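Thank you all for making time this morning. Please take a moment to look at the sequence and the structure before I start talking about them.

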Amino acid sequence: MLHNKDIVIISPVTLINIGLKQILIDYFSAGNITIYNDVGYFLSESPERYDLYFTFPDTFLLHYDFFLPRKGKTILLTDCPYPPSDFSNIEHQLYIRSEQNLMIEQLQNLIERTCQKISTEIPEELSHREIEVLQLVAQGFLNKEIADKLNISINTVLSHRKNITSKLGIKSVSGLSFYAMMNGYVSSTTE
């Protein structure tokens, strides 16, 4: 199931890292597992290349801009059986204080759901320029302002917006802004 997936464990707790890695190898035939004890080092080493991320909620929150667009591929390692309300929208959580058999069963369910989600997610990707236009739309710029900022014509801006709307199926500016924020193209603290 996981033999061809790139998996990363981001945790400062060595014992959890070793134990989780061994469980993934022994029970799920995971092949390529990388462990990072330091989040900063992880973020400097092509972090977007992984298929599955294991990390703690505090790391997720501290690096929200990176993890939010990857929340469907992220499994949070929690030390309480019931997730805090801050993480109620994160459906993939592993209770690390479970006994081994229960943890393996929980992991089995999480991995199946995550891998199924990854395999069914084939959205049409936005081009680099479309992402730039989307970011500016989300920041509240008008078509003329976007054209001036990107040194393109208004017709080109309109064409990009039409393509973005077609690819995402979102027509309103507020919907595009929400999409941009939820997928990490802009942060909620954008000035």
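I will go from the overall layout to the sheet, and then to a group of aromatic rings.

Before anything else, please keep in mind that what you see is a predicted model. The protein has 191 residues, of which 38% are buried, and the model contains 9 helices together with 5 strands. If you follow the chain from the N terminus, the elements come in the order β-α-β-α-β-α-α-β-β-α-α-α-α-α. The accessible surface amounts to about 10,900 Å², and carbon and sulfur atoms contribute 51% of that. As for contacts with a separation of 6 or more, 50% of them are between residues that are 24 or more positions apart.

Let me turn to the sheet. In what order do the 5 strands lie in the open sheet? The order is 2-1-3-4-5, and the pairing is parallel. Strand 2, residues 32–36, and strand 5, residues 93–95, are at the edges, and each of them has a single partner strand, so one side of each is left without a neighbour in the sheet. On average, and with direction ignored, neighbouring strands of this sheet are turned by 20 degrees against each other. To take one pairing in detail, strand 1, which covers residues 6–10, runs parallel to strand 3, residues 52–55, and 4 bridges join the two. If you would like a residue to look for, Ile 7 has Leu 52 in strand 3 as its bridge partner.

Strand 3 also brings us to the aromatic residues. The structure holds 13 aromatic pairs, and I will describe two that share Tyr 53. In one of these, the ring centres of Phe 42 and Tyr 53 are 6.2 Å apart and the planes stand at 80 degrees, so the pair is edge-to-face. Since Phe 42 belongs to helix 2, residues 39–43, while Tyr 53 belongs to strand 3, the pair ties together parts that are 11 residues apart in sequence. Are these two residues buried or exposed? Phe 42 and Tyr 53 are both buried.

The other pair joins Tyr 50 to Tyr 53, again edge-to-face, with 6.0 Å from centre to centre and 75 degrees between the planes. Tyr 50, like Tyr 53, is buried. Stepping back from the separate pairs, Phe 42, Tyr 50 and Tyr 53 belong to one aromatic cluster, which also takes in Tyr 36, Tyr 41, Phe 60, Tyr 64, Phe 66 and Phe 67.

Terms used: Residues numbered from 1 in each chain as written. Predicted model: local features only at pLDDT ≥ 70, side-chain atom pairs only at ≥ 80, totals over all residues. Heavy atoms only, no water. Helix = DSSP H or I, 4+ residues; strand = E, 2+ residues; numbered from the N terminus. Buried < 20%, exposed > 50% of the residue type's maximum accessible area, 1.4 Å probe, protein only. Contact = heavy atoms within 4.5 Å. Areas by Shrake-Rupley, 256 points an atom, 1.4 Å probe, with all protein chains shown as cover. Pairing = 2+ DSSP bridges. Axes fitted to C-alpha atoms, helices over the stretch in contact; angles between N-to-C directions. Phe/Tyr/Trp six-rings, centres within 6.5 Å; stacked < 30°, edge-to-face > 60°.
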